Amino acid sequence: MKHSLRIAVSLALSAAFLWAAVRGVSWSETAQALAAARLGYMVPIFVMAIVSLYCRALRWRVLMRPLGEVQRQSIFSATAMGFAANMLLPLRAGEVLRPWLLARREGLRLAPVVATVAVERLFDMATLLFFFGVATLTLPLPPEWKRYGWLFLGTFVAFLGVLALLLRAPRETVAALDRLLTPLPEKLSGPVLRAVHQFADGLGALKSGSAVALAVGYSLAVWLTLAVTFGLGLSALDLPVPRIRGALSLTTMVAIAVAVPGGPGFIGMFQVGCEVGLALYGVGKSLAFSYSVLVHVLQFASTVLVGLYFFLKENLTLSELRAEASIATGGEPGEH
């Protein structure tokens with residue numbers, strides 16, 4: 001798919017999600033809810049979003065250890081700029097810009113740095129499975145849904161088990177997974193097998209159980225601090241939602257929604273995720289939309305402002321950023 005067409009599709013998806021989010025919203029009720037928001041919660045939401053970003057950088061630094069010792073400032077700078085690019089550019093361009101920025105500053109080869117980002121994604125998926133399992137077991141859902149909660153938690157435990165096996169016997173574990181997945185259709189098994197091999201290569205490079213445990217701990221910290229921002233948002237609007245349970249379920253729902261390859265800043269997807277998550281607790285659409293705007297604006301602002309600070313500090317030009325973003329998302333330099 002041509003680069004320009006991919007951008008058009010991503011923008012169309014964001015527009016469709018945003019239309020679904022605002023459909024039926026009472027703007028007067030939304031404005032009233034935002035006007036009544038407790039200002040004292042704004043700064044903590046802003047700060048905790050930055051803390052979550054910093055935890056991401058610390059986890060990435062652990063995964064980068066086999067490639068060399070990277071300074072905290074360098075890796076936080078690259079992380080902040082990459083996530084700011086995700087907010088400002090389509091197609092998650094920051095996911096490739098981020099390793100490019102770090103490799104450029106530290107003089108590293110790009111391919112191994114990109115591989116660490118793939119490993120990060122699997123840690124994120126596993127952590128969200130844990131969150132989703134906890135949320136499903138504690139949400140006011142029909143009893144038959146509880147089995148899915150146990151399934152998600154069981155998958156998370158299985159992930160930890162595979163981690164342990166990959167550390168103790170990497171070749172044998174990968175071979176066993178190959179045999180297990182090969183009977184599946186190629187369209188399903190192919191991407192999974194490639195992900196398994198890439199993850200095993202990245203994980204094997206760590207060669208340390210303590211390093212893997214640290215990566216798991218930072219993964220939990222990334223998402224727990226992000227969940228805090230959702231919980232603080234509930235308090236800011238004084239919504240009748242359990243703070244801990246609601247924060248975990250909202251974090252999971254929004255993470256699933258923003259996984260759709262939409263336009264810059266996850267606009268539309270973020271709002272739908274919040275509305276679906278809050279609907280489980282009986283919160284009306286207008287109030288849920290108000291909540292999504294409040295939390296999204298603060299998370300967006302914190303990420304973009306920190307990223308822009310480092311962009312200015314690194315003295316990167318807009319033309320450099322556009323050129324690399326075009327290559328990162330499948331286009332050609334100078335293509336618009």
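Val43, Val47 and Val51 come together as a nonpolar patch on the surface of this predicted model. Together these three valines offer about 220 Å² of accessible area. Beyond the patch, here is a short tour of the helix packing, the salt bridges and two loop residues with an unusual backbone angle.

**The valine patch**
- Val47, one of the patch residues, is found in helix 3, which covers residues 42–64.
- With a relative accessible area of 40%, Val47 is partly exposed, because that value falls between the 20% limit for buried and the 50% limit for exposed.

**How the helices pack**
- Two packed helices are described by the angle between their axes and the distance between the axes.
- Helix 3 packs with helix 4 (residues 72–88) at an angle of about 120 degrees, and their axes are 9 Å apart. That makes helix 3 oblique to helix 4.
- The crossing of helix 3 and helix 4 is right-handed.
- Helix 5 (residues 94–106) and helix 6 (residues 110–138) cross at roughly 135 degrees, and their axes come within 9 Å. Helix 5 and helix 6 are therefore oblique to each other.
- Helix 5 also passes helix 6 in a right-handed crossing.

**A residue to find in helix 6**
- Leu122 lies in helix 6 and counts as partly exposed, at 23% relative accessibility.
- How far apart are Leu122 and Val254 in space, C-alpha to C-alpha? They are 17 Å apart, with their positions 132 residues apart in sequence.

**Salt bridges**
- A search of the whole structure turns up ten salt bridges.
- Arg56 pairs with Asp124 in one salt bridge, where the closest N and O atoms are 3.2 Å apart. This pair links distant parts of the chain, with Arg56 in helix 3 and Asp124 in helix 6, 68 residues apart.
- Are Arg56 and Asp124 buried or exposed? Arg56 is buried, and so is Asp124.
- Arg59 and Glu120 also meet through their side chains in a salt bridge, at 3.8 Å from N to O. Arg59 lies in helix 3 and Glu120 in helix 6, so this pair ties together parts that are 61 residues apart in sequence.
- Both Arg59 and Glu120 are buried.
- Arg243 forms a salt bridge with Asp238, and here the closest N and O atoms are 4.0 Å apart. Arg243 counts as partly exposed at 30% relative accessibility, and Asp238 counts as partly exposed at 47%.
- Which residues are joined into one network by salt bridges that share partners? They are Arg56, Arg59, Glu95, Arg98, Glu120, Arg121 and Asp124.

**Loop residues with positive phi**
- Most residues other than glycine have a negative phi.
- Asp238 has a phi near 55 degrees, a positive value in a residue other than glycine. Asp238 has its place in the loop between helix 10 (209–236) and helix 11 (243–258).
- Phe266 is not a glycine either, yet has a positive phi of about 60 degrees. Phe266 sits in the loop between helix 11 and helix 12 (269–279).
- Is Phe266 buried or exposed? Phe266 is buried, with a relative accessible area of 16%, because buried means under 20%.

Key
Residues are numbered from 1 along each chain as its sequence is written. This is a predicted model: local features need pLDDT of at least 70, side-chain atom pairs count only at pLDDT 80 or more; totals for chains, interfaces and linings use all residues. Side-chain values use heavy atoms; hydrogens and water are left out. Patches are made of residues with over 30% relative accessible area and no salt bridge: like charges are joined within 9 Å, nonpolar side chains (Val, Leu, Ile, Met, Phe, Trp, Tyr) within 5 Å. Accessible areas come from the Shrake-Rupley method with a 1.4 Å probe; for residues, only the protein chains shown count as cover. Helices (H or I, at least four residues) and strands (E, at least two) are DSSP runs, numbered from the N terminus. Buried means under 20% relative accessible area, exposed over 50%, partly exposed in between (1.4 Å probe, protein chains only). Axes are lines fitted to C-alpha atoms, for helices over the stretch in contact, and angles run from 0 to 180 degrees between N-to-C directions. Angles under 35 degrees count as roughly parallel, over 145 as roughly antiparallel, 65 to 115 as roughly perpendicular and the rest as oblique. A crossing is left-handed if the near helix is turned anticlockwise from the far one by less than a right angle, and right-handed if clockwise.
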